[in-house]
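Hi there,

Here is the structure I promised to pass on. Have a look at it first, and then read on for my notes.

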Amino acid sequence: MTHLSINEAFTPSTKRIASRIAILLVCAMTYANAIAQTTLLAGKADELPAPSVVNEAVEDVPNPWDRVKIIKKKKAAAKKKKRKKATTLVMPEDFELKFIDSLSIVNADTARLIFPAGHKRIMPLYAKLSRLFQGQNERISFLHLGDSHIQADVVSGRMRQNLSSMAGSSYADRGLLFPFGAIGTNAPWDYKITSTGRWDKTRNIERSPSRPMGIAGAVAATSDPSASLTINVKDERWAFDTLHILGETTAGAKTPLVVLDGQAYSPIAVPASVASASADSIDAEISHTGFVFQLPRETTTCQVVFEGSGTFDLRGLVPTSPHPGIIYSATGINGATCTSWNRCQKFAEELPTICPDVLVAALGTNDANGRADSFNPEVFKANYRKLLDKILEVNPDCFIIFVTNNDCYIGGSRTWCPTTPASAQAIRELAAEYHGCYFDVFEIMGGSHGTDRWVSAGLQNTDHVHFTAKGYNLLGDLLFNALMIDYEETAQ
């Protein structure tokens, strides 16, 4: 009998058929083995050996082939739980919103914060508020910037009072001060600065200001040898042990001293220009924001005097303490526009003194107060951006609450201002662009011609531009409620 080799017994076609049969047999055996293992797990789980390290992460898993997916899902869930725990917000104890007794005149549906680009940028602020409400050592700085609506500090003062008086919060510092009385204009009510000697004024509403200005938007300058200032913050909870005097010697060698309990104190830090001019006589560090004085105890009052001859340009005062809580600075100049604030050459240099976590931007009334053809929204937004970008350069995480301008008449006339709707819309667009939010005072008043109803209700002055004290306090309460309602909804 003739024996054939395998290669001789099979033709090429039969070889291919045999190969495919072999592959199918292997697949069938593999599938049967998988079914057997699954059955064993389902029916005899108690007889299985102790699970391996991988099995420990996937207990009671019926299908061993899905273990990797299960592990990944559990890891993702753990990360999500960790993130949720990290952003848990706590409400202050016994918290209550402010009672609004003029709801019939308010468009209540619009009295809230609108976030056209979402909440992401405000979450760090909410986290800081939550830690403060839990008694942690947090200091949260607000800067409310505007025009004549802010210079008197009624609406901003109401916000300061409301935020600082919440349970779990506290009165940290009063914030930025300026001797408005020394330059002959209206001043806030919750601090008093009396002056002696002659003081000259410069404000950012001047087209060609003679002196550089900073975060207060004004300068009080003196060369009078008898010049002095006496500072008194009216709430003991604002007691301070450090005083920053923003300003500089512009002629001669006139420098400030702080007097407390009859003792005069020299600065512990001075501007570089003073240090270089007086290297032999002044033992102080270099300050980029003015003169810094460390006092021996906390106080609500002190005196600023001057030594040497020459001229001193005072641009503001910032009393501080180490206490946690809310610091609510307000800065406004009657008649100011975005362009006015962009004239302040020292603005960015001085801003780190208060370094705001939150900017309440309340400009636009004077930018858009005129005939319909007198307002260009794109120019307005460009001017606003220049100011906002300076602030964000100092603190890129600063969150911006935009306040739209209010419905009004053209200043000094009996004619409704037709540019108000367009400027309010421009502010809403900036809120979206900067991922902030806006508080729509224009719509809260009822939109166009809402000013007439607010004047009739005693909430706005008869000039149809400014508000009465009752109206400003109402807006302060509405803004506070809007912020805390959004915080509470986010917490839930």
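Below is what I found, starting with the whole chain and then going region by region.

Please keep in mind that this is a predicted model. The protein has 492 residues, and 48% of them count as buried. Its secondary structure comes to 15 helices and 19 strands. If you take the contacts with a separation of 6 or more, 78% of them are between residues 24 or more positions apart.

**Two helices that pack on H15**

Helix H15 covers residues 469-491, and helix H7, residues 155-164, packs on it. Two packed helices are described by the angle between their axes and the distance between the axes. For H7 and H15, the angle is about 45 degrees and the axes are 8 Å apart. That angle makes H7 oblique to H15. The crossing of H7 past H15 is right-handed. On the H7 side, the contact is made by Val-155, Arg-158, Met-159, Asn-162 and Leu-163. They meet a set of H15 residues that runs from Tyr-472, Asn-473, Leu-475 and Gly-476 through Asp-477 and Leu-479 to Phe-480 and Leu-483. Sorted by class, this contact has eight nonpolar, three polar and two charged residues.

Helix H5, residues 123-133, packs on H15 as well, at an angle of about 90 degrees and with the axes 11 Å apart. H5 and H15 are therefore roughly perpendicular to each other. Here Met-123, Tyr-126, Leu-129, Ser-130 and Phe-133 of H5 meet Leu-483, Met-484, Asp-486, Tyr-487 and Thr-490 of H15. The residues of this contact divide into seven nonpolar, two polar and one charged. If you want a residue to click on, try Leu-483: this H15 residue is listed in the contact with H7 and also in the contact with H5.

**Helix H12 and its surroundings**

H12 spans residues 420-433, which is 14 residues. From its first C-alpha to its last it reaches 20 Å, close to the 20 Å expected at 1.5 Å a residue. Which residues of H12 are buried? They are Thr-420, Ser-423, Ala-424, Ala-426, Ile-427, Arg-428, Leu-430 and Ala-431, so you will find an arginine in that list as well as several alanines. The cover over these buried residues includes helix H11 (377-394), strand S18 (399-403), strand S19 (437-439) and helix H13 (441-444).

Both sides of H12 are worth a look. In the loop between S18 and H12 sits Thr-419, which is buried, with a relative accessible area of 3%. Leaving aside residues up to four places away in sequence, Thr-419 touches Ala-368, Asn-369, Gly-370, Arg-371, Ala-372, Ser-374 and Phe-375. Just after H12, His-435 takes a positive phi of about 55 degrees.

**Two more buried residues**

Leu-143 belongs to strand S2, residues 139-146, and is buried at 1% relative accessible area. How far apart are Leu-143 and Thr-331 in sequence and in space? They are separated by 188 residues in sequence, yet their C-alpha atoms are 7.5 Å apart. Thr-331 is one of the residues that Leu-143 touches, again not counting those up to four places away; the others are Ser-329, Leu-351, Ile-354, Pro-356, Val-358, Leu-359 and Val-360.

Thr-451 lies in helix H14 and counts as buried, at 0% relative accessibility. With the same sequence neighbours left out, Thr-451 touches Asp-407, Cys-408, Tyr-409, Trp-416, Met-445, Gln-460 and His-464.

**Two loop residues with positive phi**

Asp-261 is in the loop between strand S9 (255-260) and strand S10 (263-265). Its phi is near 55 degrees, a positive value in a residue other than glycine. At 58% relative accessibility, Asp-261 counts as exposed.

His-449 is in the loop between H13 and helix H14 (450-456). Although His-449 is not a glycine, it has a positive phi of about 70 degrees. His-449 is partly exposed, with a relative accessible area of 41%.

Happy browsing, and do write back with any questions.

Best wishes

Conventions:
Residues are numbered from 1 along each chain as its sequence is written. This is a predicted model: local features need pLDDT of at least 70, side-chain atom pairs count only at pLDDT 80 or more; totals for chains, interfaces and linings use all residues. Side-chain values use heavy atoms; hydrogens and water are left out. Axes are lines fitted to C-alpha atoms, for helices over the stretch in contact, and angles run from 0 to 180 degrees between N-to-C directions. Helices (H or I, at least four residues) and strands (E, at least two) are DSSP runs, numbered from the N terminus. Angles under 35 degrees count as roughly parallel, over 145 as roughly antiparallel, 65 to 115 as roughly perpendicular and the rest as oblique. A crossing is left-handed if the near helix is turned anticlockwise from the far one by less than a right angle, and right-handed if clockwise. Contact means heavy atoms within 4.5 Å. Ala, Val, Leu, Ile, Met, Phe, Trp, Tyr, Cys and Pro count as nonpolar, Asp, Glu, Lys and Arg as charged, and the others, Gly among them, as polar. The expected span of a helix is 1.5 Å times one less than its number of residues. Buried means under 20% relative accessible area, exposed over 50%, partly exposed in between (1.4 Å probe, protein chains only).
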